[in-house]
Amino acid sequence: MPDTLLCTRPSPHTLHLKLNRPQKLNAITAGMLDGLIAGIAEAESDTQIRAVVLSGEGRAFSSGADLGQLESMEPESFRALVARFMTLALAIHGATKPVIAAVHGYAMAGGFELAVMADVRIAAEGTRFGLPDTAIGLSPTSGMTWALPRLIGWGRAVDLT
């Protein structure tokens with residue numbers, strides 16, 4: 001796993017994937033997406049694992065995609081990053097084992113999408129969810145526009161955009 005993603009087995013039946021860039025509010029990089037995809041694949045292939053837990057280190061679950069990386073990306077690299085988000089969403093939705101998001105602090109943009117991808121979300125008191133990227137013309141990339149209204153209702157979903 002990349003050094004920005006911690007992969008542990010707190011019990012023989014649980015795989016814990018922790019975003020580990022607290023100094024950047026766990027802003028998601030391409031390498032982290034690759035690690036999350038690999039982690040879900042590992043859980044699916046390991047008959048001992050019964051659940052996957054996603055969390056973030058520090059004071060945020062995730063602030064979303066690393067905007068510093070996005071600014072310097074060529075269009076092809078940006079398309080590849082969006083494709084990774086979609087690959088992760090499909091891997092989680094296709095997983096036979098539950099994926100649980102333990103959310104705290106900020107869950108913004110791609111971090112919010114990651115939480116929505118999970119089968120179960122457990123949010124700490126005071127957790128803030130949001131889609132600030134819509135204000136700069138970016139649309140959610142991982143099927144969130146379909147999933148979010150089904151989770152919280154159309155009116156509340158529109159209010160968040």
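Me: Which residues does Thr29 touch, not counting residues up to four places away in sequence?
Reply: This is a predicted model, in which local features need pLDDT of at least 70 and side-chain atom pairs count only at pLDDT 80 or more, while totals for chains, interfaces and linings use all residues. Residues are numbered from 1 along each chain as its sequence is written, and side-chain values use heavy atoms, with hydrogens and water left out. Thr29 lies in the loop between E2 and H1; helices (H or I, at least four residues) and strands (E, at least two) are DSSP runs, numbered from the N terminus. With contact meaning heavy atoms within 4.5 Å, and with residues up to four places away in sequence left aside, Thr29 touches Thr4, Arg21, Asp66 and Gln69.

Me: Does Thr29 count as buried or exposed?
Reply: Buried means under 20% relative accessible area, exposed over 50%, and partly exposed in between (1.4 Å probe, protein chains only). The relative accessibility of Thr29 is 9%, so Thr29 counts as buried.

Me: Which strands stand at the edges of the open sheet?
Reply: The 5 strands have the order E1-E2-E3-E4-E6, with mixed pairing; two strands pair if DSSP finds at least two bridges between them. The strands at the edges each have a single partner strand, so one side of each is left without a neighbour in the sheet; they are E1 (5-11) and E6 (120-123).

Me: Which residue in E3 does Leu15 stand opposite?
Reply: E2 and E3 run parallel and are joined by 6 bridges. Opposite Leu15, in E3, stands Val52.

Me: Which element gives the most residues to the largest nonpolar core?
Reply: A nonpolar core is a set of buried Ala, Val, Leu, Ile, Met, Phe, Trp, Tyr and Cys residues joined through side-chain atoms within 4.5 Å. The largest has 31 residues, and Val52 and Leu54 are among those with the most contacts inside it. Elements that each supply at least two residues of this core include strand E2 (14-19), helix H3 (75-94) and helix H4 (110-117). With 6 residues, the element that gives the most is H1.

Me: How far is Phe112 from Gly130 in space, C-alpha to C-alpha?
Reply: Phe112 is found in helix H4 and belongs to a second, separate core of 7 residues. At 5% relative accessibility, Phe112 counts as buried, and Gly130 is one of the residues that Phe112 touches. Although 18 residues separate the two in sequence, their C-alpha to C-alpha distance is 6.7 Å.
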